[in-house]
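Visitor: Please take a close look at the aromatic rings in this model and describe how they are arranged. Once that is done, go on to the main pocket.

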Amino acid sequence: MKIKSKMKNQGAEGRGQRAEGRGQGAGGRGESFLLSTCTLPHSPRLPTWVQKLAMFACLLLLVSCQAKNPATTSTQVRIARVVSGQTLEVVGMAEQPNLISQVRLIGVDAPDLRQRPWGNQSKEFLEKSIGDLDKPVMLEFDIEAKDTIGRTLAYVWKDDKLLNEQVVKQGYALFVERSPNHKYDQRLERAQQWARIMGQGIWSPDKPMRQTPTEFRRLNR
């Protein structure tokens with residue numbers, strides 16, 4: 001009797017393991033559903049319209065995935081004028097080569113021009129970094145291309161130097177994280193840490209800037 005009972009238990013365990021195996025097989029088929037759907041057009045048992053519909057669905061899926069990860073683009077422009085330590089006027093954008101467009105440096109919050117002397121110092125540093133206005137600069141774009149007032153958002157490159165980073169590193173502006181544009185956040189944050197440690201510009205222990213540019217603008221509208 002004990003032997004028969006043991007055999008029954010083993011048989012039940014075997015059936016349980018086979019059932020579990022079938023469950024795992026179903027899970028595997030579930031994980032590969034997308035792949036099998038995309039290969040449906042090769043099945044001779046399906047009507048032609050079903051095959052075309054399946055292929056169309058796969059194409060839509062690919063397009064939607066690519067849309068979530070847009071490629072970073074760039075363009076070459078000429079600087080018309082430096083407005084402040086964070087804003088430029090440029091010519092040569094897109095299909096309007098003679099139209100002046102405003103560009104806002106991503107991740108940079110420069111002192112307001114009314115914040116003396118830091119506002120003017122920030123503007124003058126950016127002017128000096130750009131140098132000859134006849135020489136073009138490169139604008140590199142991130143995920144969001146415009147701000148709320150229509151200015152183009154960009155990283156500005158001149159002679160292989162990221163000017164957004166240089167303005168922050170020399171203590172002429174603050175780094176401010178602006179979602180969803182995060183491509184160079186780590187570089188800009190390290191630049192600010194360097195400026196603070198070295199007491200550069202607005203971080204000078206002798207004459208530090210007491211209000212952030214954002215606070216100043218809010219209180220002096």
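Aromatic rings and the largest pocket

Guide: The charged end of K169 sits over the ring of W194, at 5.6 Å from the ring centre. The model is a predicted one, and what follows describes its rings first and its pocket afterwards.

Aromatic rings also meet one another here: the structure holds 3 aromatic pairs. One of them is formed by F125 and Y172, which are stacked, with 4.7 Å from centre to centre and 20 degrees between the planes. This pair links distant parts of the chain, since its members are 47 residues apart. F125 belongs to helix α4 (residues 118-130), while Y172 lies in the loop between α5 (163-169) and β8 (174-175). F125 counts as buried because its relative accessible area, 16%, is under the 20% limit. Y172, at 23%, is over that limit and therefore partly exposed.

Another pair consists of W157 and Y184. Their ring centres are 5.9 Å apart and their planes stand at 70 degrees; that angle is over 60 degrees, so the pair is edge-to-face. Here too distant parts of the chain are linked: W157 is in strand β6 (residues 152-158), and Y184 is in the loop between β8 and α6 (185-198), 27 residues away. W157 and Y184 are both buried. Ring pairs also bring in Y155, which makes a cluster with W157 and Y184.

Now the pocket. The largest pocket has a volume of about 400 Å³. Its lining comprises 18 residues, and R104, D147, T148, R151 and R178 are those nearest the centre. Two or more lining residues come from each of the elements β3 (96-105) and α7 (213-219). The element that gives the most is α7, with 3 residues. By type, the lining of the largest pocket divides into 9 charged, 5 polar and 4 nonpolar residues.

A last residue to consider is R114, in the loop between β4 (108-109) and α4. R114 has a relative accessible area of 42%, which lies between the limits of 20% and 50%, so R114 is partly exposed. Leaving aside residues up to four places away in sequence, R114 touches F216 and N220. The C-alpha atoms of R114 and R217 are separated by 9.2 Å, although these positions lie 103 residues apart in chain numbering.

Definitions and conventions:
Residues are numbered from 1 along each chain as its sequence is written. This is a predicted model: local features need pLDDT of at least 70, side-chain atom pairs count only at pLDDT 80 or more; totals for chains, interfaces and linings use all residues. Side-chain values use heavy atoms; hydrogens and water are left out. On a 1 Å grid over the protein atoms alone, a cavity is a set of points where a 1.4 Å probe fits but cannot get out, and a pocket is an open set with protein on both sides within 12 Å along at least five of seven lines; lining residues have an atom within 4 Å of a point. Grid points are joined across faces, edges and corners, and a volume is the space filled by probe spheres set on the points. Helices (H or I, at least four residues) and strands (E, at least two) are DSSP runs, numbered from the N terminus. Ala, Val, Leu, Ile, Met, Phe, Trp, Tyr, Cys and Pro count as nonpolar, Asp, Glu, Lys and Arg as charged, and the others, Gly among them, as polar. Rings of Phe, Tyr and Trp (its six-membered ring) pair if their centres lie within 6.5 Å; planes under 30 degrees apart count as stacked, over 60 as edge-to-face and the rest as tilted. Buried means under 20% relative accessible area, exposed over 50%, partly exposed in between (1.4 Å probe, protein chains only). A charge sits over a ring if NZ of Lys or CZ of Arg is within 6 Å of the ring centre and within 35 degrees of the ring normal. Contact means heavy atoms within 4.5 Å.
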